[in-house]
Amino acid sequence: MAATRSASGPGSRALPSAGFLAGLLPRASPDEAAGIAPAPARILVVDDDWFVRLQIERFLGCAGFEVVGIATDAAAAVSLADRLRPDLVLMDIRLAGPVDGVTAATEIADRFGIRCLFVSAHTDQGTITRTLAARPAGWVPKPFTEAELLQGVRAALAGP
Amino acid sequence: MAMEMLQRLLAVLDEPALLVGACGTVRLANAPALRLLGRPEGEVAGRSLQELAADPPEAVRTLLRRCAGSRTAVIGSLALSTADGATHSCRCRGGRLGEPDDPAAPLLLLRLEEGTRDRSQVLTRTIVALNAEIRRSKLAQDALEAALEQKGMLLRELHHRVKNNLQVLLGILLLGEQQAKAPEALAAIHDARLRVEAMALLQRLFYGKDRLERIEAATFLAEVARGVERAFRRPEVELRVLPTSATLPLDLASSLGLVLNELLTNAFKHAFPDGGTGAVTVGLALEPDPAGGERFTLTVEDDGRGTDAAPDAGTGLMLVRGLAQQHGGAFTIEAAAPGRSTRCTVTLRHRPRAPC
């Protein structure tokens with residue numbers, strides 16, 4: 001199942017200033033030179049749990065990021081990544097359907113050059129090693145707090 | 001070598017011994033050999049060894065041929081028939097006496113050791129039984145290793161589910177916060193979410209490790225403190241965790257984590273109102289408990305505005321008091337400097353539990 005939406009919602013607040021996000025957002029905009037706040041980083045969220053998605057959307061929205069799409073399985077994740085070309089994908093490992101998040105992340109990285117930040121409770125060494133094929137942008141272990149998620153997202157967006 | 005000399009040589013041997021000519025004729029037999037055969041010397045000397053043996057003639061000839069070819073002991077076996085028809089299986093060490101061109105040669109000396117064939121059979125049976133036992137042990141070990149691997153997999157799956165469930169629980173509380181209308185309800189749900197976040201941190205810290213008995217207190221306290229610090233976003237308040245080399249038992253660590261979470265939350269909420277600056281210091285001391293086991297003393301001290309709250313006030317402090325009591329300890333809250341700072345002290349006792 002896939003859906004596209006904006007992250008703006010009841011809990012959203014004003015975008016952070018350009019200074020706050022300096023160096024964190026990957027896409028420079030001509031608007032910056034004109035003193036206009038840069039466009040928020042666009043993020044695709046892939047997780048099959050409604051409550052987890054609720055938290056991610058809320059935390060990202062409040063921090064000024066734009067959730068451009070939601071996917072609950074690997075096929076939808078790849079399809080949305082192709083269509084929306086987000087700056088970052090937040091990827092769970094265990095997804096709805098037979099294909100897991102590592103496979104989806106590897107395909108997204110190989111085909112579109114978009115990297116994934118893994119957000120998962122699978123933190124054993126074997127799984128982490130397996131994700132290296134996807135050239136991950138980072139890891140946020142579940143259960144996460146708002147601060148931990150945002151720290152992981154900002155580091156991933158600032159990364160090489 | 002004179003026959004008399006050979007006779008004396010055989011007489012000093014404890015074990016049965018025969019002196020046999022090259023064609024297999026028995027020339028001499030010592031007393032133990034005669035006893036073994038159950039025959040007088042006259043029925044032995046001069047007879048062919050094949051007649052005295054229970055083994056097939058060809059086997060006896062082969063043994064003699066081997067012995068004739070060596071001046072050092074050749075090891076073989078020889079079964080002898082006694083006068084009453086019984087058979088004695090012997091281990092035989094035999095060799096040639098003298099040089100091959102010796103006129104008296106070749107004379108063969110056969111030294112016998114009774115019953116070794118039986119012992120060999122017993123030994124063989126024992127080895128077979130041992131091999132079977134080793135195979136059984138290997139199968140049992142393989143089964144145990146498979147069960148251990150299965151248990152490890154189930155444990156990892158269990159931890160994964162617990163962590164996911166905690167994340168879901170945080171989502172439920174977040175939803176409650178979003179829908180709460182009354183400020184008191186919002187605050188209560190928010191506090192509950194912070195407590196569950198503290199528990200989630202414990203889950204991550206504990207179950208990322210191979211060994212679950214104890215955890216390093218310094219790392220643990222720092223992680224809990226960092227979680228609260230992130231939640232309140234008060235950079236003007238310095239949070240210090242004093243060094244400690246203590247380790248925490250698992251069952252006590254979860255309570256200690258919740259207690260620290262409450263005390264730090266309390267300090268961040270109340271000690272520095274209106275954006276005031278200051279510091280909060282966390283310390284942990286471990287000492288032997290005179291009643292047995294260990295006694296942990298956690299202190300959280302701030303240099304904020306002091307407290308005018310009664311120690312029983314608030315859900316958070318009630319939780320701290322309850323957890324202290326649960327671990328046979330106590331909770332005290334005092335003004336370290338009147339009107340200026342607050343010092344909270346919690347003692348928790350730990351006595352190792354008897355294995356289930």
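## Close-up views of a predicted model

**Figure 1. Glu287(B) and Arg295(B) pair up in a salt bridge.** The closest N and O atoms of Glu287(B) and Arg295(B) lie 2.8 Å apart. Keep in mind, here and in the views that follow, that this is a predicted model. Glu287(B) has a relative accessible area of 34%, so this residue is partly exposed. Its partner, Arg295(B), also falls in the partly exposed class, at 23% relative accessibility. Elsewhere, salt bridges with shared partners tie Asp47(A), Asp92(A) and Lys142(A) together in one network. Over all chains, the structure holds 32 salt bridges.

**Figure 2. Arg61(B) and Glu58(B) form a salt bridge within helix H4 of chain B.** Here the closest N and O atoms are 3.0 Å apart. Helix H4 of chain B covers residues 57-68, and the two partners sit 3 residues apart in it, so about one helical turn separates Arg61(B) from Glu58(B). How accessible are the two ends of this pair? Arg61(B) is partly exposed, with a relative accessible area of 38%. Glu58(B) is partly exposed too, with a value of 41%.

**Figure 3. The side chains of Arg39(B) and Glu43(B) meet in a salt bridge.** The N to O distance for this pair is 3.7 Å. Is Arg39(B) buried or partly exposed? With 14% relative accessibility, and because buried means under 20%, Arg39(B) counts as buried. Glu43(B), in contrast, is partly exposed, its relative accessible area being 37%.

**Figure 4. Helices H3 and H7 of chain A cross at roughly 65°.** Helix H3(A) is made of residues 50-62 and helix H7(A) of residues 146-158, and their axes come within 10 Å. Angles of 65 to 115 degrees count as roughly perpendicular, so that is how H3(A) and H7(A) are arranged. The crossing of H3(A) past H7(A) is right-handed. Which residues make the contact? H3(A) supplies Ile56(A), Phe59(A) and Leu60(A), while H7(A) supplies Glu146(A), Leu149(A), Leu150(A) and Val153(A). Sorted by class, this contact has 6 nonpolar residues, 1 charged residue and no polar ones.

**Figure 5. Helices H4 and H5 of chain A run roughly parallel to each other.** Helix H4(A) spans residues 74-84 and helix H5(A) spans residues 101-112. Their axes come within 9 Å and cross at roughly 20°. Because angles under 35 degrees count as roughly parallel, H4(A) and H5(A) earn that description. H4(A) passes H5(A) in a right-handed crossing. On the H4(A) side, look for Ala74(A), Ala77(A), Val78(A), Ala81(A) and Asp82(A); these meet Ala104(A), Glu107(A), Ile108(A), Arg111(A) and Phe112(A) of H5(A). The contact of these two helices has 7 nonpolar and 3 charged residues, with no polar ones.

**Figure 6. Arg93(B) sits in strand S4 of chain B.** Strand S4 of chain B takes in residues 87-97. At 29% relative accessibility, Arg93(B) counts as partly exposed. How far is Arg93(B) from Arg111(B) in sequence and in space? The two are 18 residues apart along the sequence, and their C-alpha atoms are 5.3 Å apart in space. Leaving aside residues up to four places away in sequence, Arg93(B) touches Glu15(B), Ala73(B), Val74(B), Ile75(B), Leu109(B), Leu110(B) and Arg111(B).

How values were computed: Residues numbered from 1 in each chain as written. Chains lettered and ligands numbered in written order. Predicted model: local features only at pLDDT ≥ 70, side-chain atom pairs only at ≥ 80, totals over all residues. Heavy atoms only, no water. Axes fitted to C-alpha atoms, helices over the stretch in contact; angles between N-to-C directions. Helix = DSSP H or I, 4+ residues; strand = E, 2+ residues; numbered from the N terminus. Parallel < 35°, antiparallel > 145°, perpendicular 65-115°, else oblique. Left-handed = near helix turned anticlockwise from the far one by under 90°. Contact = heavy atoms within 4.5 Å. Nonpolar A, V, L, I, M, F, W, Y, C, P; charged D, E, K, R; others polar. Salt bridge = Lys/Arg side-chain N within 4 Å of Asp/Glu carboxyl O. Buried < 20%, exposed > 50% of the residue type's maximum accessible area, 1.4 Å probe, protein only.
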